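This report concerns the pockets and one surface patch of a protein model. Please view the structure before reading on.

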Amino acid sequence: QSNKLKQVFMEGKRPAMGFWQMLPGANVSRILARSGADWIMVDCEHGNIDDAAMHEAVPAIAALGVSPIVRIPDLQSWMVKRALDSGAHGILVPLIRTVEEVKNLVASAKFPPQGRRGFGSPIAMQNFQPMPTFTEYLQQANESLLTMVQIETQEALDAVEEIASLVDVVFIGPFDLGNSIGHPIIDGKMDPELDEAISKILKAARAAKIKAGIFCSGGEQAKFYADMGFDMISVATDYTALGPAMMDQLATARGQ
Ligand code: 3PY
């Protein structure tokens with residue numbers, strides 16, 4: 001099954017760069033997916049994206065050869081199922097705390113015998129090229145769909161080595177991680193203890209031979225973490241990019 005993100009991971013030549021979709025609408029998805037990004041995160045946790053909007057965003061992104069990844073709102077089996085049934089090429093679970101939760105996630109994301117994902121959606125296979133048959137999707141999904149967890153709590157940081165042995169990607173949410181370890185990001189400034197936690201997560205991913213991802217607040221920060229060796233980097237969000245782009249044009253129009 002075609003999975004652009006997985007392909008970039010397997011080639012291992014460059015980090016996979018992507019954007020965060022927080023605003024609903026297939027047109028937003030298409031703008032983001034046409035940017036040259038490898039993957040788009042459909043953010044059902046903090047974004048304005050409900051189940052119906054997710055079912056519009058995922059195919060719009062996949063149709064352009066880009067990997068749609070869904071961040072589910074919370075670790076609930078039914079959310080994992082609906083995200084994967086919508087055709088997502090992977091899922092990201094926020095605010096993980098324990099190894100037990102991660103095992104639960106993996107079980108929810110895999111068909112038997114590896115897990116307990118229910119089979120029956122005719123929608124998922126539409127989002128791969130060439131389109132697999134029902135049976136091919138069943139045979140390939142466990143291997144090709146990416147399981148990712150966010151390391152953004154003290155508890156997950158403490159258990160990161162074991163967590164990394166269970167998933168495809170450990171993905172850092174620096175804002176929540178900073179809050180959880182008692183060193184929040186203030187005015188964009190990262191505390192040295194947060195930097196240390198980030199290095200620890202990257203190291204754990206390397207040791208487990210899996211990929212490490214991180215959420216960034218712009219291109220400059222994204223370049224910094226790409227140079228540091230991260231494999232999956234979120235460069236910006238639609239929501240935060242739109243305002244400055246418009247203000248820039250307005251300032252030019254007003255000769256400012
Ligand atoms: C964080 O930085 O905590 C995130 O999860 C980004 O959305």
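The second largest pocket is lined by Phe-19, Leu-23, Val-28, Ile-31, Leu-32, Ser-35, Ala-236, Thr-237, Asp-238, Ala-241 and Leu-242. A pocket is an open set of points on a 1 Å grid, where a 1.4 Å probe fits, with protein on both sides within 12 Å along at least five of seven lines; lining residues have an atom within 4 Å of a point. The model is predicted, and local features need pLDDT of at least 70. Residues are numbered from 1 along each chain.

Helix H2 (26-33), strand E8 and helix H12 (238-253) each give at least two residues to this second lining. Helices (at least four residues) and strands (at least two) are DSSP runs. In the largest pocket, at least two lining residues come from each of helix H9 (174-180) and strand E8 (232-237). H9 provides the largest share, 3 residues.

| Pocket | Volume | Lining residues |
|---|---|---|
| Largest | about 310 Å³ | 7 nonpolar, 6 polar, 5 charged |
| Second largest | about 190 Å³ | 8 nonpolar, 2 polar, 1 charged |

Of the 18 residues lining the largest pocket, Trp-20, His-46, Arg-71, Phe-175 and Phe-215 are the closest to its centre.

On the surface, Phe-119, Phe-134 and Leu-138 form a nonpolar patch of about 250 Å². Such a patch joins nonpolar side chains within 5 Å, from residues with over 30% relative accessible area and no salt bridge (a Lys or Arg side-chain nitrogen within 4 Å of an Asp or Glu carboxyl oxygen). Phe-134 lies in helix H6 (residues 134-144). Its relative accessible area is 38%, so Phe-134 is partly exposed (between 20% and 50%).

Note on methods:
This is a predicted model: local features need pLDDT of at least 70, side-chain atom pairs count only at pLDDT 80 or more; totals for chains, interfaces and linings use all residues. Side-chain values use heavy atoms; hydrogens and water are left out. Grid points are joined across faces, edges and corners, and a volume is the space filled by probe spheres set on the points. Ala, Val, Leu, Ile, Met, Phe, Trp, Tyr, Cys and Pro count as nonpolar, Asp, Glu, Lys and Arg as charged, and the others, Gly among them, as polar. Patches are made of residues with over 30% relative accessible area and no salt bridge: like charges are joined within 9 Å, nonpolar side chains (Val, Leu, Ile, Met, Phe, Trp, Tyr) within 5 Å. Accessible areas come from the Shrake-Rupley method with a 1.4 Å probe; for residues, only the protein chains shown count as cover. Buried means under 20% relative accessible area, exposed over 50%, partly exposed in between (1.4 Å probe, protein chains only).
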